[in-house]
Amino acid sequence: MQTEEQLQALWRARALRYVLIYLLLACVLVTLRYQGREVYPNLRQLSATRTELQREQEELSLRVQTLTSEQRIRAWALENGMVPYAQAGKQTQVLGPGVAAATPLPDQPTPTRLTVRTAWK
Amino acid sequence: MEMKIRVRSRVMQVVALLAFCTLVWAYAQLEWGLPQGVRRAVVQVRGSIVTEDGSVLARSVGDKRVYPNGPLAGQLLGMMGDTSGLEGLEAAYDSRLSAGQNLTLTIDPAIQAAAEGVLKAAVLEHQAEYGSVVALDTKTGKVLATANYPAFDPNSWRGQDASVRRNRAFLDRFEPGSTIKGLVVAAAIQENLTTPDSVYDTPMSRRIGTRRIGATIHDAVAHPGMLTTTQILRYSSNVGMSHVVEHFPNALLYRYLSQYGFGQDMPLPSVQAATGSLQPLRNWDDVVRTTNAFGQGMSATTLQLAVAYNTLANGGLYVAPRLVIGEGQPQPHEVISAETARTTRELLHKVVSEGIPQAAGIKGYALAGKTGTAQVVVGGRYSDTIYDSVFAGFFPSDRPRVTLAIMVHGAKERYHGSMLAAPIYRDVAAAILSKWAEPPEQPTTEPNP
């Protein structure tokens with residue numbers, strides 16, 4: 001049978017042990033967080049960069065669409081004196097004999113026999 | 001005693017574990033800043049308005065609505081307010097766009113740009129007030145272009161006048177004038193009331209109706225005293241048309257005009273389009289029938305005129321126009337037979353090739369159509385100074401692929417249909433034929449002028 005004093009001592013020791021374990025785990029947690037302290041700022045920076053790049057991409061795609069619009073191409077063509085194909089002058093001409101076609105290679109006979117050689121190691 | 005100690009021990013271990021978990025949870029809360037039970041609000045991006053070839057006509061960038069092609073089809077697209085569409089397709093399809101769904105249009109950006117460019121140049125050159133052009137795909141009724149001038153840029157709509165935002169091609173009603181003659185001749189041929197070679201006595205003016213209720217109609221273009229139906233169209237003779245419809249029953253002609261779409265609701269779902277008007281049948285007499293035969297006393301929009309002429313181009317079938325992919329379309333209905341449509345197309349081809357080859361023709365290509373020059377009603381009377389220059393036609397005339405209708409209002413110079421609307425038709429047709437790289441049908445031996 002343990003005396004009251006012995007029980008109290010036992011509980012004091014256990015309480016102290018548990019508190020120390022708790023503090024130790026807390027320190028481990030804080031240490032882990034301290035070691036990864038750069039991760040979150042980097043993630044935020046990357047997220048901001050991604051948002052900015054997406055915005056730039058959208059602006060550029062809009063600019064490309066505007067610069068390659070049909071009205072712009074048509075206006076440029078007319079300014080440079082181009083005429084629509086349907087209204088452009090056309091002439092018909094009989095084609096001459098042209099360049100003689102190259103002589104085709106003589107027909108090679110189609111092989112009808114397949115020879116298989118097996119080499120055994 | 002030993003049992004109690006063990007139980008107490010276990011309880012203390014659990015409490016310690018809970019305390020540690022609480023610490024971890026509190027740390028996580030601080031670190032990630034996530035309050036419990038609150039969801040991040042999801043912002044729905046407004047749908048884009050695109051064309052079938054993938055061109056983007058309207059899209060949202062951040063919280064701003066952008067129209068990358070500027071004023072291209074500006075009146076058709078409409079514009080956005082702070083949170084919702086205010087006019088045009090932005091308003092008509094606001095709920096669908098707000099839900100993030102895209103809208104695909106039948107508009108062809110190249111044809112739209114060509115129509116807008118040609119229209120603008122002509123309106124400025126002839127000092128007109130405004131104009132509109134509609135282009136349809138003959139077989140399907142797809143609206144390939146709906147051009148208006150003055151142009152409207154939805155990117156900067158604040159401060160612009162409401163009249164600039166108006167989609168005139170769909171909303172402005174006007175008397176179509178002599179363009180109606182092609183449709184009425186087709187109806188008369190269908191009813192065996194005339195043939196292309198029927199000959200009529202055609203002085204430059206003729207009195208119609210009774211002595212009490214009558215009118216004298218005049219022709220504007222000098223012509224021989226006897227004309228065939230083919231020549232009536234070529235010389236645009238009102239007197240000749242009065243003969244063509246002389247024995248046409250009022251109710252029957254009224255029915256044909258209705259079946260062409262005049263005076264009827266435009267079967268375009270969700271999009272605002274005016275109806276135009278025909279005089280009620282009970283008011284029809286000889287004068288009304290005759291004046292309707294050359295397009296006076298009735299009204300239509302540029303879209304209605306294009307859809308009506310598309311009937312001639314499409315083998316006599318009335319095909320409802322389509323603007324938005326995925327929307328329903330009524331079944332086509334036959335107005336005239338395929339044979340009658342083919343005959344009429346040949347007559348309209350001669351109108352261009354023999355009547356106005358320079359104004360409306362392109363060497364080597366078969367174009368067909370009819371001009372119209374309509375006096376505008378001002379203060380209940382026909383004005384002598386304000387005219388609508390109109391043209392409707394299709395090409396190639398033997399196997400049409402595109403139907404065009406043009407209207408220009410209030411030109412101060414050379415306002416006749418053959419001088420203003422016909423060249424617009426020719427140049428838009430040239431742009432479309434060039435886009436197709438369509439070779440000429442007949443060999444040419446000298447350059448185009």
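**Exercises on a predicted two-chain model**

In chain B of this predicted model, 68% of the contacts between residues at least 6 apart in sequence join residues at least 24 apart. The exercises below continue with chain B and then turn to chain A.

**Exercise 1.** Determine how the radius of gyration of chain B stands against that of a compact globule of 449 residues.

*Solution.* Step one: for a compact globule of 449 residues, a radius of gyration near 22 Å would be found. Step two: the value for chain B is 31 Å. Step three: the extent of the C-alpha trace along the principal axes is about 135 × 55 × 45 Å. To complete the description, chain B contains 16 helices and 15 strands, and 50% of its 449 residues count as buried.

**Exercise 2.** Check the span of helix α1 of chain A, and decide why it lies largely in the open.

*Solution.* Step one: helix α1 of chain A covers residues 4-35, which is 32 residues. Step two: at 1.5 Å a residue, the helix should span 46 Å. Step three: the end C-alpha atoms are 46 Å apart, in agreement with the expected span. Step four: a residue is buried if 20 or more other C-beta atoms lie within 10 Å of its own. The number of buried residues in α1(A) is zero, so the helix lies largely in the open.

**Exercise 3.** Describe the side of chain A that touches chain B.

*Solution.* Step one: 25 residues of chain A are in contact with 36 residues of chain B. Step two: α1, α2 (39-67) and α3 (70-79) of chain A each contribute at least two residues to this side of chain A. Step three: α1(A) gives the most, with seven residues. Step four: by character, the residues on this side of chain A are eleven nonpolar, nine polar and five charged.

Note on methods: Residues numbered from 1 in each chain as written. Chains lettered and ligands numbered in written order. Predicted model: local features only at pLDDT ≥ 70, side-chain atom pairs only at ≥ 80, totals over all residues. Helix = DSSP H or I, 4+ residues; strand = E, 2+ residues; numbered from the N terminus. Expected span 1.5 Å × (residues − 1). Buried ≥ 20, exposed ≤ 12 C-beta atoms within 10 Å, placed from the backbone. Rg over C-alpha atoms; globule rule 2.2 N^0.38 Å. Contact = placed C-beta atoms within 7 Å. Nonpolar A, V, L, I, M, F, W, Y, C, P; charged D, E, K, R; others polar.
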